[in-house]
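Dear colleague,

Please find the structure below, followed by a short account of one helix and of the pockets. I should be grateful if you would read the two side by side.

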Amino acid sequence: MRIISVVPSLTELLFDLGLDEHIVGVTRFCIHPINKTKPKRKVGGTKNLKIERILELSPTLIIANKEENAKADIEELQKSCPVLLTDIYSLEDALKSILTIGELTHSHTEASQLVQKIQSEFDAYLPTNELRGKKVAYLIWNDPIMICGRNTFINVLIEKMGMENVFPQIDGRYPQVSESELHLLEPDHIFLSSEPFPFKDKHLVSFQNRFPKAKVSLVDGEMFSWYGSRLKFVPEYLTKLQKELISSC
């Protein structure tokens with residue numbers, strides 16, 4: 001097998017399935033595990049793939065994602081290579097994609113064990129009553145402000161916490177909103193994600209000053225949006241985040 005992954009979270013999954021020697025190319029955003037991704041051939045970014053470079057590597061399988069990769073790039077690659085185009089909207093979708101990748105890469109046993117681990121961790125996870133029903137605005141970009149809509153994997157985890165996405169009826173998965181629109185929705189919490197925009201402490205201070213009625217927090221974007229093997233750590237992260245949110249209120 002000669003595998004190219006153009007989805008960072010699924011690149012991490014492939015390494016966790018023990019497929020190191022079969023991975024011939026990754027994107028420049030595939031950074032986990034860094035000691036294994038660093039020496040691999042880079043095939044561009046998730047939104048601007050280097051098609052010729054990919055074809056030079058003669059892949060027998062390309063792992064892609066409908067949301068993360070450009071449609072034109074994937075359609076061009078499909079003319080020459082087998083492409084698994086994942087489309088993740090729920091935890092169930094994520095687990096199914098792990099099993100599918102396990103089947104296609106002859107690592108079914110490892111994939112099944114991983115799915116069992118993830119499922120058991122989520123089964124044991126309990127949301128806290130103190131945050132139940134609290135309204136959350138999850139920001140993925142600054143200037144312009146872009147937020148997470150309902151039809152996203154991130155929203156699944158917000159709901160797992162027992163919280164409510166403050167944007168219930170906005171079209172699109174990551175729509176742009178104005179500051180005044182955000183004020184009118186009166187969120188109880190504003191989550192500033194570490195990716196794709198790298199929100200930092202200075203942004204937290206700025207948003208807290210502009211939205212004094214909300215509790216503004218920096219959150220780990222990889223934990224909220226990576227749907228590969230990192231999922232096994234997500235319930236523990238959500239439990240820790242819950243405690244931090246409650247203690248700071």
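**Helix α6 and the pockets**

In α6, the buried residues (under 20% relative accessible area with a 1.4 Å probe, protein chains only) are Ala111, Ser112, Leu114, Val115, Ile118 and Phe122. Because they cover an arc of only 165° around the axis (taken from the directions from the helix axis to the C-beta atoms), they lie on the same side of α6. The face turned away from that side carries Gln113, Gln116, Asp123 and Ala124, which are exposed (over 50%). Among the elements covering the buried residues are α1 (8–16), α5 (91–104), α7 (153–160) and α11 (234–248).

The model is predicted: local features need pLDDT of at least 70 and side-chain atom pairs pLDDT 80 or more, whereas totals for chains, interfaces and linings use all residues. Residues are numbered from 1 along each chain as its sequence is written, and side-chain values use heavy atoms, without hydrogens and water.

The largest pocket (an open set of points on a 1 Å grid, with protein on both sides within 12 Å along at least five of seven lines) holds about 740 Å³ of space. Its lining (residues with an atom within 4 Å of a point) comprises 22 residues, of which Thr46, Lys47, Glu68, Glu195 and Pro196 are the closest to the centre. The elements α1, α7 and α10 (221–225) each give two or more residues to this lining.

The second largest pocket holds about 170 Å³, and Leu182, His183 and Phe211 are among its lining residues.

With kind regards

Methods. Helices (H or I, at least four residues) and strands (E, at least two) are DSSP runs, numbered from the N terminus. Contact means heavy atoms within 4.5 Å. On a 1 Å grid over the protein atoms alone, a cavity is a set of points where a 1.4 Å probe fits but cannot get out, and a pocket is an open set with protein on both sides within 12 Å along at least five of seven lines; lining residues have an atom within 4 Å of a point. Grid points are joined across faces, edges and corners, and a volume is the space filled by probe spheres set on the points.
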